[in-house]
Amino acid sequence: MNSSPHLAPTGAAGADTGPAPLPLIAVTMGDGTGIGPEVVVPALLDPDTLRRCRPVVIGDAERLRRAARLRDIACEVVTVTAPGESVFTPGRINVIDLGLLPADLPWGELSPVAGDAAYQYIRTAAELAMNGQVQGICTAPLNKKALHAGGHVFPGHTELLAHLTGVEEVSMMLATPTVKVIHVTTHIGLIDAVRKIEPGLVERTVRRGHEAMVRAGTPEPVIGVCGINPHAGENGLFGHGEEEEKIVPALEVLRADGIDARGPLPADTAFFLAGRGDYDLIVAMYHDQGHGPVKVLGLEAGVNLTVGLPVIRTSVDHGTAFDIAGTGTADAGSMIEALRQAAEMSPSPAR
């Protein structure tokens, strides 16, 4: 993927043709009892992060300081009231401090207080994005049970952000260095997923994936579209013609519009071919069809993207990891990669 810096377009003689400002990225701290604070701190201090974007944490300043001490990292956590007030220098973390977590909140335990705080971080980030104060959002993990216990019943970040930004339909995309996958359905039961899949939804999902790939630097992506049944139905041997009814009509429309969408493909074959580089993007029909292979092929460097929002949103592809929270051992690699992709896909701000 293209990781070149954001450059201003060349203007007329005398115009400012220097580098455009790096995008401001709101980084939500996630569930404060999980590993979110522990991966946010090293990710924001990583030199590559500051070369690509201007990250501002939405969270709890004291929790970040505790996480830095856990990891034996020397840094300055500075509270700001707005992203535009932030100063970006090595060793400094800027945070909009909502101050919602008690000082004695234990690590690794489900907490309604932390669940509500995680929601408030996302709500604030969405408001900043909709107001144009940040160009992208990068999220640390939240815990769904804690979120629900805190009074906010959403299946996850994807649906929550769609609600907060007033978007009716978005897609989840998972990206690793080996394979990228976008989902037609996500957090619903398998029977419900099969019922929900229809040509219009498949077509819109592929278009969102195509647009995201182009935006990220692949101008003509080759897209493999999975079937629903084993062997993609094998000409009617498995299932009841779901591929012909629900997927093929969408592919015909997409190909007529010049989008290179191939299928329906047996899922096992599709991911094998994607792993060796034959496809730039795989379209999975349901949650586990896409998540299983992605997590086998690259969980540590995986990134979760929400495609279809008015602002780019990326996230780590792991959970709150309560079992290791508070030990200072969490791997920040996925958070660093999520910030890289947020910077890569977010527009440069206006001067």
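These are my notebook entries on a predicted model of a single chain.

**Overall build**

I began with the secondary structure and found twelve helices and twelve strands in the chain. Next I looked up the radius of gyration, which is 21 Å. For 351 residues a compact globule would have a value near 20 Å, so the chain agrees with that expectation. Along the principal axes, the C-alpha atoms fill a box of roughly 60 × 60 × 35 Å.

I then checked burial over the whole chain: 53% of the 351 residues count as buried. For contacts between residues at least 6 apart in sequence, I noted that 73% join residues at least 24 apart.

**Surface and charge**

The exposed area of the chain is about 14,700 Å². Carbon and sulfur atoms supply 53% of that area. I looked up the charges as well and found 27 positive and 41 negative. Their mean positions are 4 Å apart.

**Cysteines**

How many disulfides does the chain have? The count comes to zero, taking a pair of cysteine sulfur atoms within 2.5 Å as the rule. I checked Cys-53, whose nearest cysteine sulfur belongs to Cys-138 and is 8.1 Å away. Cys-53 is therefore in no disulfide, since the cut-off is 2.5 Å. Cys-53 is buried, with a relative accessible area of 2%. I also looked up Cys-226, which is buried at 0%.

**Helix H6**

I turned to helix H6, which covers residues 157-165. Its buried residues are His-157, Thr-158, Leu-160, Leu-161, Ala-162 and Thr-165. In an α-helix, residues three or four places apart point the same way, because there are 3.6 residues a turn. I asked what the buried residues of H6 pack against. The partners are helix H4 (112-130) and four strands: E5 (136-139), E6 (171-175), E11 (303-307) and E12 (312-316). After H6 comes Gly-166, and I noted that its phi is positive, near 75 degrees.

**Asn-304**

Strand E11, one of the partners of H6, holds Asn-304. Is Asn-304 buried or exposed? Its relative accessible area is 10%, so Asn-304 counts as buried. Leaving aside neighbours within four places in sequence, I listed the contacts of Asn-304 as Met-172, Met-173, Leu-174, Arg-313, Thr-314, Ser-315, Val-316 and Asp-317.

**Thr-33**

I looked up Thr-33 in the loop between strand E1 (24-28) and helix H1 (36-45). Although Thr-33 is in a loop, its relative accessibility is 0%, so Thr-33 counts as buried. Where along the chain does Trp-107 stand relative to Thr-33? The two are 74 residues apart along the chain, and their C-alpha atoms are separated by 4.5 Å. Trp-107 is also on the contact list of Thr-33, which leaves aside neighbours within four places in sequence. The list further includes Arg-63, Leu-105, Pro-106, Gly-108, Glu-109, Ser-111 and Ala-114. Phe-322 and Ala-325 are on it as well.

**Phe-272**

My last entry is on Phe-272, found in helix H10 (residues 267-275). Phe-272 is exposed, because its relative accessible area of 56% is over the 50% cut-off. I also took the separation between the C-alpha atoms of Phe-272 and Met-130, which is 39 Å. These two residues are 142 residues apart along the chain.

Note on methods
Residues numbered from 1 in each chain as written. Predicted model: local features only at pLDDT ≥ 70, side-chain atom pairs only at ≥ 80, totals over all residues. Heavy atoms only, no water. Helix = DSSP H or I, 4+ residues; strand = E, 2+ residues; numbered from the N terminus. Rg over C-alpha atoms; globule rule 2.2 N^0.38 Å. Buried < 20%, exposed > 50% of the residue type's maximum accessible area, 1.4 Å probe, protein only. Contact = heavy atoms within 4.5 Å. Areas by Shrake-Rupley, 256 points an atom, 1.4 Å probe, with all protein chains shown as cover. Lys, Arg positive; Asp, Glu negative; His and termini not counted. Charge placed at Lys NZ, Arg CZ, Asp CG, Glu CD.
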